[in-house]
Amino acid sequence: MTGNRENRMPAMSKSSIETVLASSIQKKKTYLEAVKSHGSPLYILEPEVLAQKARQFKNAFESELSKIKCYFAMKSNNMPLISGILVQNGFGIDVSSGLELAAALSINAEDIVFSGPGKTEKELLMAIENSSKTTLLLDSFGELKRLEKLVHDLDRPLAVGVRLNNNPTGLWRKFGIPLSRLSDFYNEAKAIPNICFKGLQFHSSWNLEPDRQIEFIEILGTHLKTMPEDFLNALEFIDIGGGYWPPQGEWLVSENPLEHYALPAQSIESFAGRLAQALKSNILHRVDCTICLEPGRWICNDAMHLLIQVIDKKEEDLVITDAGTNTIGWERFESDYFPVINLSNFENRERPCHILGSLCTPHDVWGYAYFGKSISEGDILMIPMQGAYTYSLRQQFIKPLPRVVAAEERGLFTETEFQKTWNF
Ligand SMILES: Cc1ncc(COP(=O)(O)O)c(C=O)c1O
């Protein structure tokens with residue numbers, strides 16, 4: 001990390017970390033019980049946290065906009081149980097491949113949006129076969145042409161939309177079509193029997209605040225003024241994507257193991273209020289349509305944690321754990337900060353120590369400090385809030401993958417037991 005960047009980075013407040021520590025320590029007994037009964041390492045899923053997040057997200061937007069639909073972005077955590085819980089809480093599912101579409105169908109999702117670049121013919125056919133449940137968000141003119149060849153003998157028209165590119169520079173240019181070609185796209189789509197053009201989608205990632213989304217809503221509003229009346233009448237939805245950062249903000253490591261940085265994020269209520277205002281004043285006053293949302297990270301981030309165990313204490317300030325970062329699929333903790341909480345010997349004080357995994361690579365890092373009185377072989381460590389873009393990215397590399405245990409007030413459940421009790 002460069003000196004310049006560090007100078008600009010705000011330090012993390014004590015209170016934000018204390019909230020996380022307090023909620024983890026409050027449930028310490030349950031987590032330790034989970035390891036005792038099911039072994040280590042483990043992913044701990046908290047279905048009640050997930051359901052609460054789903055309700056809060058939906059409420060925030062429902063209280064600002066009259067017609068909304070929420071779709072969980074399955075890519076952020078592809079554990080079917082998670083999508084199943086969200087469907088039972090009134091969410092649809094946002095899928096980006098045939099594999100994800102099959103998973104969404106397997107948990108009885110009735111309302112699915114399928115977006116993403118480079119869909120294969122097989123994936124397009126799957127969307128067609130499941131047209132009563134699926135809206136296909138097309139990514140290019142080529143994809144529209146490929147679809148045209150596949151939709152001859154449909155009983156019911158396939159609902160489609162198109163993704164708009166909202167960032168034509170650099171690598172983001174791969175997504176969607178330019179706004180300037182929307183009119184051509186609509187005319188081509190309209191001419192194809194058996195498809196029914198219904199909406200637009202755009203998405204931007206990693207928004208700590210809604211400014212970038214609002215900027216595109218304003219651009220889109222201006223462009224819609226140039227579109228013909230029949231296009232505006234055809235628009236049933238505008239899908240404004242995901243990319244909402246969890247309220248605790250982005251936590252980053254610094255060169256000092258006991259100092260961390262935190263980039264603040266706006267609350268979801270603030271996102272909802274500001275996005276609704278922008279949508280009403282730029283678009284909804286002219287077009288009466290449903291606003292669709294595709295949150296991933298915001299919904300699942302806080303609902304899953306990792307429990308790992310110290311296997312080898314090599315030095316006072318160097319321990320090796322039973323799990324490696326193949327369980328999260330990337331070298332996350334070299335840049336992102338999350339507390340390592342020693343559940344076996346907790347103290348509200350952070351001590352420097354290299355907490356490293358057991359893979360044969362030095363990039364296998366959990367953290368550079370832990371909260372605890374001391375650290376010893378056999379101690380159970382918790383890495384909280386690992387629900388987003390970790391489980392989906394896990395890889396079978398050197399070490400086996402952990403099992404998932406669901407922790408609820410009524411007890412601990414393996415994935416299969418939980419599936420049975422929820423009737424998936
Ligand atoms: C089209 C689309 N929608 C939704 C999401 C979910 O984003 P997030 O998990 O940041 O909310 C993504 C993530 O890449 C995406 O590409």
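When I speak of a polar contact this morning, I mean a pair of N or O atoms within 3.5 Å of each other. With that in mind, let me begin at the ligand in this structure, which is a predicted model, where a backbone N or O atom of R297 lies 2.8 Å from an oxygen atom of the ligand. The protein covers 90% of the 390 Å² of accessible area that the ligand has on its own.

Two further polar contacts belong beside that one. A polar backbone atom of G296 is 2.9 Å from an oxygen atom of the ligand, and on the nitrogen side, a polar side-chain atom of D94 lies 3.4 Å from a nitrogen atom of the ligand.

Stepping back to the whole shell, we find 14 residues surrounding the ligand, and the closest of these are G243, E294, G296, R297 and Y389. Sorted by class, that shell comprises four nonpolar, five polar and five charged residues.

Where, then, does the ligand sit? The space that the ligand takes is the largest pocket, and that pocket holds about 720 Å³ of space. It is lined by 31 residues, with K75, W172, H203, S205 and Y389 closest to its centre. The lining of the largest pocket divides into eleven nonpolar, ten polar and ten charged residues.

Why do we place this pocket between two domains? Because domain 1, which is 14-45 + 302-421, and domain 2, which is 47-300, both give residues to the lining of the largest pocket, it lies between them.

Let me turn from the pocket to the enclosed spaces, since a search of the whole structure finds three cavities of 30 Å³ or more. The largest cavity has about 110 Å³ of space, and its lining draws at least three residues from each of domain 1 and domain 2. Among the residues that line the largest cavity are W245, P246, W251, R332, D336 and F338, and R297 is another; you will remember R297 from its backbone contact with an oxygen atom of the ligand. By class, the lining of the largest cavity is made up of five nonpolar, three polar and four charged residues.

The second largest cavity has a volume of about 90 Å³. Its lining consists of 15 residues, and those that lie nearest its centre are V253, H260, Y337, G367 and Y368. Of these, Y337 should be looked at twice on the screen, as Y337 also lines the largest cavity.

Methods. Residues numbered from 1 in each chain as written. Predicted model: local features only at pLDDT ≥ 70, side-chain atom pairs only at ≥ 80, totals over all residues. Heavy atoms only, no water. 1 Å grid on protein atoms, 1.4 Å probe; cavity = no way out; pocket = protein on both sides within 12 Å on 5 of 7 lines; lining within 4 Å. Points joined across faces, edges and corners; volume = space filled by probe spheres on them. Nonpolar A, V, L, I, M, F, W, Y, C, P; charged D, E, K, R; others polar. Domains from an automatic or database assignment. Near = heavy atom within 4 Å. Polar contact = N/O pair within 3.5 Å; in protein donor to acceptor, adjacent residues only side chain to side chain. Areas by Shrake-Rupley, 256 points an atom, 1.4 Å probe, with all protein chains shown as cover. Sits in = over half its atoms within 2 Å of the grid points.
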